[in-house]
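User: I am new to this structure. Please walk me through the reasoning behind the labels.

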Amino acid sequence: MEAVETLVRQGMHRVGATVLSRLLSQGPPEQRTIPCGCGQTAHYKDLRSKPIVSVVGPIRFQRPYYVCGQCSHAPNPVDAALGVENQEFSPGVRRMTAVAGSDSNFDLAREQIEALAGIKLSTKSVERHAEQIGAEIRRIEQAEINRSVQLRLPIPVGNPIPVLSVEIDGTGIHVVEKKLQGRAGKIEGEPARTREVKLGCVFTSSTVDEEGNPIRDPHSTTYT
């Protein structure tokens, strides 16, 4: 059964690769010039093929090729629109390498991709693309951090508080029954009927009682 499944999958991949190559291939463009990143204009030269590894296997498609006479750079709007500019893998395959490479070592990730998706990659390719995507994620996260706004909080003014006292105690509160399952009650052999919560109180004090416990000042603001 497994051998038959493998043959069927390989056949479907070949058909899919052929169809995808034809769908992506383009003829000569109507627009013979495009803007170049250097500020000049790139001119259409000819049609050239782009080989990439897709989720259905290796494919090759034709697309317009441009050259800038100023910087010799060849911007390609088709590659950019498809997400394969300066890439050897399709976005789907790059996503596979990122997921597999993040959960295991790169050699094992390569084996997993081949076993689950039928795509043969080198260990070095898996490592390179996983690291590229990781670097891009870090860049996006850092950009979000840089866009964060530092709030201007008011500066408290007034006389400093010499002493702050903190008291804490526990008490039982009633909760839904599922929160009490498996908990022993205060009386041996009986289930719990409450859950304990901790209550804290912060206040100013200047004196203590006979046992050394702080006494709250009459005009103290208490926080619980």
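**Labels and the values behind them**

Analyst: Start with one loop residue. Arg183 is found in the loop between strand S4 (164–173) and strand S5 (195–208). Keep in mind that this is a predicted model.

User: Why is Arg183 called partly exposed?

Analyst: Arg183 has a relative accessible area of 43%. Buried needs under 20%, and exposed needs over 50%. The value lies in between, so Arg183 is partly exposed.

User: How far is Arg183 from Arg195, in sequence and in space?

Analyst: They are 12 residues apart in sequence. From C-alpha to C-alpha, Arg183 and Arg195 are 9.1 Å apart.

User: What makes Val4 count as exposed?

Analyst: Val4 has 51% relative accessibility. The cut-off for exposed is over 50%, so Val4 passes. Its place is in helix H1 (residues 2–24). Val4 also belongs to a nonpolar surface patch with Val8 and Met12. Together the three have about 300 Å² of accessible area.

User: Why is the pair of Tyr44 and Tyr66 called edge-to-face?

Analyst: The ring centres are 6.0 Å apart, and a pair needs centres within 6.5 Å. The planes stand at 70°, and over 60 degrees counts as edge-to-face. Both conditions are met, so the label is edge-to-face. A search of the whole structure finds one aromatic pair.

User: Which parts of the chain does the pair link?

Analyst: Distant ones. Tyr44 is in strand S2 (residues 41–54), and Tyr66 is in strand S3 (residues 57–68). They are 22 residues apart. Tyr44 and Tyr66 are both buried.

User: How do you know that Arg48 lies over the face of Tyr65?

Analyst: Arg48 is at 3.8 Å from the ring centre. The distance limit is 6 Å, so that part of the test is passed.

User: How many disulfides does the structure hold?

Analyst: Zero. Take Cys38, which is in no disulfide. Its nearest cysteine sulfur, that of Cys68, is 3.7 Å away. A disulfide needs the sulfur atoms within 2.5 Å, so Cys38 and Cys68 do not qualify.

User: Are Cys38 and Cys201 buried, exposed or partly exposed?

Analyst: Cys38 has a relative accessible area of 38%, so it is partly exposed. Cys201 is at 19%, under the 20% limit, so it counts as buried.

User: What makes Asp79 and Arg63 a salt bridge?

Analyst: Their N to O distance is 2.9 Å. The limit is within 4 Å, so the pair counts. Asp79 is in helix H2 (residues 77–82), whereas Arg63 is in strand S3. They are 16 residues apart and link distant parts of the chain. Asp79 is buried at 3% relative accessible area, and Arg63 is buried at 8%. The structure holds nine salt bridges.

User: Why does Arg110 count as bridged to Asp107 and to Glu114?

Analyst: Arg110 and Asp107 meet at 3.0 Å, N to O. For Arg110 and Glu114, the closest N and O atoms are 3.9 Å apart. Both values are within 4 Å, so both are salt bridges.

User: How are these residues placed along helix H4?

Analyst: Arg110 and Asp107 are three residues apart in helix H4 (residues 106–117), so about one helical turn separates them. Arg110 and Glu114 are four residues apart, again about one helical turn. Arg110 is buried at 19%. Asp107 is partly exposed at 33%, and Glu114 is partly exposed at 30%. Salt bridges link Asp107, Arg110, Glu111 and Glu114 in a network.

Terms used: Residues numbered from 1 in each chain as written. Predicted model: local features only at pLDDT ≥ 70, side-chain atom pairs only at ≥ 80, totals over all residues. Heavy atoms only, no water. Phe/Tyr/Trp six-rings, centres within 6.5 Å; stacked < 30°, edge-to-face > 60°. Helix = DSSP H or I, 4+ residues; strand = E, 2+ residues; numbered from the N terminus. Buried < 20%, exposed > 50% of the residue type's maximum accessible area, 1.4 Å probe, protein only. Lys NZ or Arg CZ within 6 Å of the ring centre and 35° of its normal. Patch = residues over 30% accessible without salt bridge, like charges linked within 9 Å, V, L, I, M, F, W, Y side chains within 5 Å. Areas by Shrake-Rupley, 256 points an atom, 1.4 Å probe, with all protein chains shown as cover. Salt bridge = Lys/Arg side-chain N within 4 Å of Asp/Glu carboxyl O.
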